[in-house]
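Let's sit down together and learn to read a structure feature by feature. Bring your curiosity, and we will take the questions in turn.

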Amino acid sequence: MSKDIRIKKGLDIKLIGEADKTVEQAVVSNYITIRPEDFHGVIPKLIAKEGSSVEAGGYLFYDKSNEDIKFVSPVSGKVIEIVRGPKRRIDAIKIEADKAQAFKDYGKLDVSKANAEEVKAHLLDSGCWPFVKQRPYDVIAKPEKSPKAIFISGYASAPLAADLDFTLKGKEAELQAAVSALGKLTEGQVHVSVGKNSNSPLASLSGVTVHKVSGPHPSGNVGTLINKVDPVNKGEVVWTVNAQDLVIIGELLLTGKFNAERIVALVGSSVKKPRYFKTLIGSEVATMIYDNGVEKDANDRIISGNVLSGKQVKPDGALDYYSNVISVIPEGDDYEFFGWTKPVFDKISVSRALTFSWLNPKKKYDLNTNTNGEHRAFVTTGTYEEVFPLDIYPMQVLKACLYKDLDEMEALGMYEVAPEDFALTEFVCVSKQPHQKIIREGLDLMLKEIG
Amino acid sequence: MGLKDKLHDFKVKNKNKKWLPAFSAIHTFLFLPDETTHGGTHIKAADDLKRTMNTVILAMIPCLIFGMFNAGYQHHLALGDIQAASSGFFSSEFWTLDNLTVGLWKILPLVIISYGVGLGIEFLFAILKGHEVEEGYLVTGMLVPLIVPVDIPLWMLAVAVAFGVVIGKEVFGGTGMNILNPALTIRAFLFFAYPTWMSGDKVWVHGAVARDKAIAAGQNLDAISGETILGTLAQGKDVAYSAADMFLGFIPGSVGETSALLILLGGLFLIFTKIGSWRIMLSSVIGAVVMGVIFNQIATAGIVTESSKFYGLMSAPFWEHLIIGGFAFGTVFMATDPVTASQTTRGKWIYGFLVGFISILIRVFNPAYPEGVMLAILLMNVFAPTIDHYVVQGNVKRRLKRVKVKTA
C-alpha cells in the first residue's frame, strides 16, 4: 500500500559540500566515546567501571529510571575514562578499542516465531532499545507502553543529509528483520516514508505502509510524516526509529551481534572531498575529517549531525549515537561592514529584502556559522508558517513554551513535535530566537509535570 | 589596526560597563556582529530585524521626499506664488528647489526630533534594563514625521514621542511586546492633547497659522486656507481637486500621507520583499471599498439626503476614499505592523478587513474630525489578540476533535 504525501511549505537549504557516492573504510578509531547526553533525559547508572573490559555489545550503563533500558559498547576494549562534569554527572565514557574485536553473542531471534514480549525483551537486553524513540517528548521510548504506530523516515531532506537510498543499499535483509520485529510491538502500522522518485530499499519491505513524500525540507522529517499520517493525540504514543539504525537492529536479530557499524556522510563546504565513510558509533571524528577533508588549523565548525540540528564537536570529539552525518562548515566569527543593510547575494533568505537568493533557487551556498544579526524579541509574523508544514501554530507554541503554560502547550500540539521540527523556523527567524532549545525545554517541562 | 579591530577591542575591554548597549547599538549599525550560533541551528538565514526595519524605511523614503516638495508646493500655492501643477506627476511647478527648501526647513526638524527623542529614550531604557537596543523605533521614528501636520510645534512632537515610546511601548517591555502601534499612539496623543494643531483648516499648509495670527494682529492680508479634501467633503462643499491630484498627492494633508501613488509603490515593494503583509493590505482595501459602496448606496437611495451633514462624505465615490486622507498610508505602513496586527494568516484577513471597514465608517460619522484611519487601526490593534485567539482556538478544537473521533 502506498500513499503520497506532498509538502508545499518548507525550504530546501542548498549548501556546497554534498557527499560523493563513494564509501571509504574509515581509519579504525582507537578510542570510542559514548556521551550520555545523546540520550536525552537518561540518567546513566554505570555497569562497566573504569578499568574494566567490555565486549562489543557489552553493557556500559543503564537508565536510572528504567533498569531494562541498557546501553552497550560499540567496540570491545577497556573503559579507560569516565569523564565527569559538575555534581559528578557522567559526561562521557571513553573506551580504548582492542586490536581484535570480540562480540557479545545475544543469539539469533526468529522474528516470525517470536511474540511481542520476546522481541521487546531481546531488543532491551541487547542494547538496541535506545534506537527506538517516542513522541511525545522525543525521548527513548518507554517499553511498557505500546505505541499506536511506528514511524520511520527513509527520506533525508535536511541540508547535506546522507542519502539513505545509498547508505541502506544491500541491507534489505537487516531492514526487513528490523521492521518485522518492530511491527510486533505495535497494534497499529509501521509507516515508512521514501522519496517520491527514489529507489529506496525500504520501499520493497513487507509488513509496512510506504508513503512517498515529496517537497522541500522538512518533508523527510519523521515529525512531518507523523503529522500528515496519524498525529499524536493526548495520551497516545508513537515510536520513531532512524532508518540507518534499523540496520543495526536487523543485524542483531539475524546474527546475534551488536554491530555498531554505520555509513556516515562527511559533508560541508570546508571538506575538500566530501564522501561517505564506514565507521562505528562513537568514533573520533578526527579519524575521518583530515584525510582529503579539512585543513588542520582552519577556523571551522565540526558538527556531528546536520547543520540544522547537529551537535558541535571538537576534532577529538565523537560521532554521536544517532547521527549519520558529519558536517564541517566555516566559523563566522567576523564582523561585516554594514552587513545588515547591504544587498546580500551569498546567503540564503526567505525574504527579498535586498537579499537575492530568490533570483537563483538552484544555487548552492557556502554558509558559515554567523548569526547574521542579534537576538531580539519576536516581531515579524507569517515567516515561520511558510517553512512549517505541520498543522500547528509555530509562534504560538513557542510563546506558550516561553511562558510555561502547560495547558496551552498541550492544546497547541506539543505532544506532536520534536525540537528538530522547529529547525527551519529557527533558521529563518528574523529575531534569531533559539526555537529548538525553547521546544526542548518546553517538552522537558511537560515530561516533568505531566509525564 | 583598522576600525573593525579597534571597535572590537573597545567592546571586549568594556564588556561589563552598563552603557555598553548604547555602544553596541552604534557598533552593530556599522558592522554586522561577529556572533556565531551555538546550541541550535548552526547556520542562519540572512535576515535580521535591522534589515527588516530598514526595508520598511526604504519603502517610506519616496513618501518623505514627496512630502517635502509638497509642503513647499502647498505653501507657495496658497500664497499665490505659483500655479497649480498641471502636467501630471512630473509637473515643473511641483519639483522645484523653492518647494524643496521649504520642505527641508520644515520637515527635517520633525525627523530629527522624532528620532532624537525616541532613540534617546530607547537607549536609556536599554541601559537601565541591560538589554540591547532593539530596532523597533527605526520605523516608528520615520512614521511619526510623515503622519503629522507640517506646522506642528516641535516641542509638542517631542512630548508626544516621549509619551508614545514610554507609555505605548516601553511599559509593555519594549519592541515586540506593545499592544498599540507606537507611531499611532504618538499621533493619538497629539490629537487628543492638542486638537487645534491636529485638525481644522489651518494646520495642513505651512504658514497658515502664522498668517492667521498676523491677521488677528491687524495686518491686512488674505487668510490661507488649506483644508483637506475630507474636511471639504464633511462640510458638504465642492472639492477643488481632481482625482489625479488626489492620486498623485498634490493635496494638503499630513506630511507623507498625500501621494497614494508613492504609497502604492511602497506597498508593492513591501509585498515583493515579503516584509509587509499583502493579506492585511488587500483585505483593508476590500473592507474600505465595501463600506464605501454601502454608503454610496445609502446616499443614492435617498435614505440620507443632501440636508444631512453626512451626505458629503457618504456620497463621495467609494474609490475616492482610498486615495484621500490617511487611508492608503495607514493601510500600507501602519496596519501591517506585525507586532500590533493579527499574527495568524486567517486573523490577518479579518483584521485587515475591519481596519478598512471601520476606517471609512469613522471617517464618515466622526463629527469633529473627518478621518478615521488612526482610530480604526488603534481599535483593531486592541482586538487583534482576540481575533488571533479565536483563529488559534479553531486549531485547538480540530485537535480535540481528532481525539473524540477516535474514542467514539
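The dialogue below goes through confidence, domains, a helix, a core, a chain contact and a few single residues.

Q: Where should I begin, and what are the ipTM and pTM of the model?

A: Begin with confidence, since this is a predicted model. The model scores are ipTM 0.90 and pTM 0.92. For chain B, the average pLDDT is 90, and 99% of the residues score at least 70.

Q: Which elements of chain B have the lowest and the highest mean pLDDT?

A: Helix 9 (residues 208-216) of chain B has the lowest mean pLDDT, at 83, while helix 12 (residues 260-272) of chain B has the highest, at 96.

Q: Next, domains. How is chain A divided?

A: Watch for domains built from separate stretches of sequence. Chain A has domain 1 (2-11 + 107-255), domain 2 (31-97) and domain 3 (371-449). Between domain 2 of chain A and domain 3 of chain A, the C-alpha centres are 32 Å apart.

Q: And what does the domain assignment of chain B give?

A: There we find domain 1 (16-31 + 49-269) and domain 2 (277-408) of chain B. Their C-alpha centres lie 24 Å apart, and 33 residues of domain 1 of chain B are in contact with 27 residues of domain 2 of chain B. On the domain 1 side, helix 7 (182-193), helix 10 (229-234), helix 11 (243-248) and helix 12 of chain B each supply at least two residues.

Q: What does UniProt list for residues 115-258 of chain A?

A: An unreviewed UniProt entry lists that stretch as "domain: NqrA second alpha/beta". In the model, residues 115-258 of chain A are 33% helix and 19% strand, with the end C-alpha atoms 21 Å apart.

Q: How do I read a single helix, say helix 5 of chain A? What is its reach from first C-alpha to last?

A: Start with the general geometry: an α-helix has 3.6 residues a turn, so residues three or four places apart point the same way. Then compare span with expectation. Helix 5 (residues 243-255) of chain A has 13 residues and reaches 19 Å, close to the 18 Å expected. Just after helix 5 of chain A comes A:G256, with a positive phi near 85°.

Q: Is helix 5 of chain A mostly covered or uncovered?

A: Mostly covered, with 11 of its 13 residues buried. Among the buried residues of helix 5 of chain A are A:D245, A:I249 and A:E251. The buried residues of this helix pack against helix 1 (116-125), strand 12 (149-153), helix 2 (164-167), helix 3 (172-184), strand 15 (238-241) and strand 16 (261-267) of chain A.

Q: Which members of the largest nonpolar core touch the most other members?

A: Look for the well-connected members. Of the 247 residues in the largest nonpolar core, these are A:I249, A:V264, A:L266 and A:I326. Helix 3 (residues 49-79) of chain B gives the most to this core, with 14 residues. As for A:V264, its contacts beyond four places in sequence include A:Y276, A:F277, A:L319 and A:I326.

Q: How many residues does each chain bring to the contact between chains?

A: In general, the size of an interface is often given as the accessible area lost when the parts come together. Here we can count residues: 61 come from chain A and 50 from chain B. Helix 10 of chain A gives the most to the side of chain A that touches chain B, with 4 residues.

Q: Why is A:V428 counted as buried, and what does it touch?

A: A:V428 counts as buried because it has 24 C-beta neighbours inside 10 Å, where 20 or more is the cut-off. This residue lies in helix 10 of chain A. Leaving aside residues up to four places away in sequence, A:V428 touches A:L11, A:V350, A:T383, A:V387 and B:A45.

Q: What about A:Q396: buried or exposed?

A: A:Q396 is buried, as 23 other C-beta atoms lie within 10 Å. It sits in helix 8 (residues 394-402) of chain A. Beyond its sequence neighbours within four places, A:Q396 is in contact with A:L412 and B:V392.

Q: Finally, what does UniProt list for B:T228?

A: The unreviewed entry lists B:T228 as "modified residue: FMN phosphoryl threonine". In the model, B:T228 is in the loop between helix 9 and helix 10 of chain B. B:T228 counts as buried because it has 27 C-beta neighbours inside 10 Å. Not counting residues up to four places away in sequence, B:T228 touches B:W204, B:P252, B:G253 and B:G325.

Definitions and conventions: Residues numbered from 1 in each chain as written. Chains lettered and ligands numbered in written order. Predicted model: local features only at pLDDT ≥ 70, side-chain atom pairs only at ≥ 80, totals over all residues. UniProt positions renumbered as here; feature names shortened; annotations may be inferred. Expected span 1.5 Å × (residues − 1). Buried ≥ 20, exposed ≤ 12 C-beta atoms within 10 Å, placed from the backbone. Contact = placed C-beta atoms within 7 Å. Domains from an automatic or database assignment. Core = buried A, V, L, I, M, F, W, Y, C linked by C-beta atoms within 7 Å. pLDDT = per-residue confidence, 0-100.
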